[in-house]
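Dear colleague,

I am handing over a structure that you have not worked with before, and I would be grateful if you could look through it at your own pace. My notes on it come after the structure itself.

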Amino acid sequence: RVIQPLYKPMALRESKDELTSRFLSDLSETLDIVKTISKLGITRKEAADMLKGLAVHPQQAHGRGRYDIYVDGASRGNPGKAGAGAVIKDSSGKIVKELKKFLGVATNNSAEYRAFIMAIEEALSLKAADIRVYSDSELLVRQLNGQYKVKSPELRELYLKAVELLSGIQRYTVTHIPMEQNPLADSLANQAIDGSC
């Protein structure tokens, strides 16, 4: 008879980074390595290799942190003078980056996308693997979540750029929030416009 192996090779279950992330998350909750190994169905050697990998590359382990990102674009005139703003917070809620950029003349929707792109580029430079992006632009959020089609040729180019950048992030969500929950990103976008005057 055929004897099935007790453990599947890691590659057949999920990527090494995904498994390491789950392993650390579960271990941090239980502080019991035996229970964590049993729960995930991994071998002791796989667990040891993951821990050794963190010790050898501590900067990569740090880069696997979760970030909350708030983005906003502003246009005075639509089209008119436009700015992009973004705030990046670590998992403890501490602000690690405030970004703002004057965009010249642009529509509001274009400014929203360009703020999003600016923020994701920065997240990639931080080696972020798990991000939650918040925007008060319903159009941007629904397009990026596949609920709305992108009909505008100008936005199509920005949409494709945004999707390309997101492909470099291991896990992400893009969520709509009311304007009043996005004051700092809005302020930064307007500061970028004011600074150009």
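What follows is an account of the sheet, of a few residues in it, and of some elements beside it.

Please keep in mind throughout that this is a predicted model.

The sheet is a good place to begin. It is an open sheet of five strands in the order 3-2-1-4-5, and its pairing is mixed. At its edges stand strand 3 (95-106) and strand 5 (171-176), and because each has a single partner strand, one side of each is left without a neighbour in the sheet. From one strand to the next, the twist averages 15 degrees.

Strand 1 and strand 2 (residues 80-90) run antiparallel and are joined by ten bridges. These two strands form a hairpin with three residues between them, and in the turn glycine 77 has a positive phi of about 125 degrees. Strand 2 also pairs with strand 3, again in the antiparallel sense and over ten bridges, and one of the residues involved is glycine 85, whose bridge partner in strand 3 is lysine 100. The hairpin of strand 2 and strand 3 has four residues between the strands, and there glycine 93 takes a positive phi near 95 degrees. Nine of the eleven residues of strand 2 are buried, so this strand is largely enclosed by the rest of the structure.

Within strand 1 (residues 66-76), you may wish to look at aspartate 68. Is aspartate 68 buried or exposed? Its relative accessible area is 14%, which falls under the 20% cut-off, and aspartate 68 therefore counts as buried. The side chain of aspartate 68 makes a polar contact of 2.7 Å with the side chain of arginine 66, while the bridge partner of aspartate 68 in strand 2 is lysine 89. Not counting residues up to four places away in sequence, aspartate 68 touches Val87, Ile88, Lys89, Arg132 and Tyr134.

Tyrosine 134 appears again in the aromatic pairing, for which the count comes to one pair. That pair is formed by tyrosine 70 and tyrosine 134 and is stacked, with 5.0 Å from centre to centre and 25 degrees between the planes. The pair links distant parts of the chain, since tyrosine 70 lies in strand 1 and tyrosine 134 in strand 4 (residues 130-135), 64 residues apart. Both of these tyrosines are buried, and tyrosine 70 has valine 87 as its bridge partner in strand 2.

Tyrosine 70 also leads to asparagine 182, which is in contact with Tyr70, Val71, Asp72, Ser135, Asp136 and Ile177 once its neighbours within four places in sequence are left aside. Asparagine 182 is found in the loop between strand 5 and helix 9 (183-194), and at 2% relative accessibility it counts as buried. Asparagine 182 and alanine 86 are 96 residues apart in sequence, and their C-alpha atoms are 9.5 Å apart in space.

Lastly, a word on helix 6 (residues 108-125), which has 18 residues and reaches 26 Å from its first C-alpha to its last, close to the 26 Å expected at 1.5 Å a residue. Its buried residues include Tyr113, Phe116, Ile117, Met118 and Ile120, and Glu112 and Glu122 are also among them. Helix 6 is followed by lysine 127, whose phi is positive, near 60 degrees.

With kind regards

Note on methods:
Residues numbered from 1 in each chain as written. Predicted model: local features only at pLDDT ≥ 70, side-chain atom pairs only at ≥ 80, totals over all residues. Heavy atoms only, no water. Buried < 20%, exposed > 50% of the residue type's maximum accessible area, 1.4 Å probe, protein only. Polar contact = N/O pair within 3.5 Å; in protein donor to acceptor, adjacent residues only side chain to side chain. Contact = heavy atoms within 4.5 Å. Phe/Tyr/Trp six-rings, centres within 6.5 Å; stacked < 30°, edge-to-face > 60°. Expected span 1.5 Å × (residues − 1). Pairing = 2+ DSSP bridges. Axes fitted to C-alpha atoms, helices over the stretch in contact; angles between N-to-C directions.
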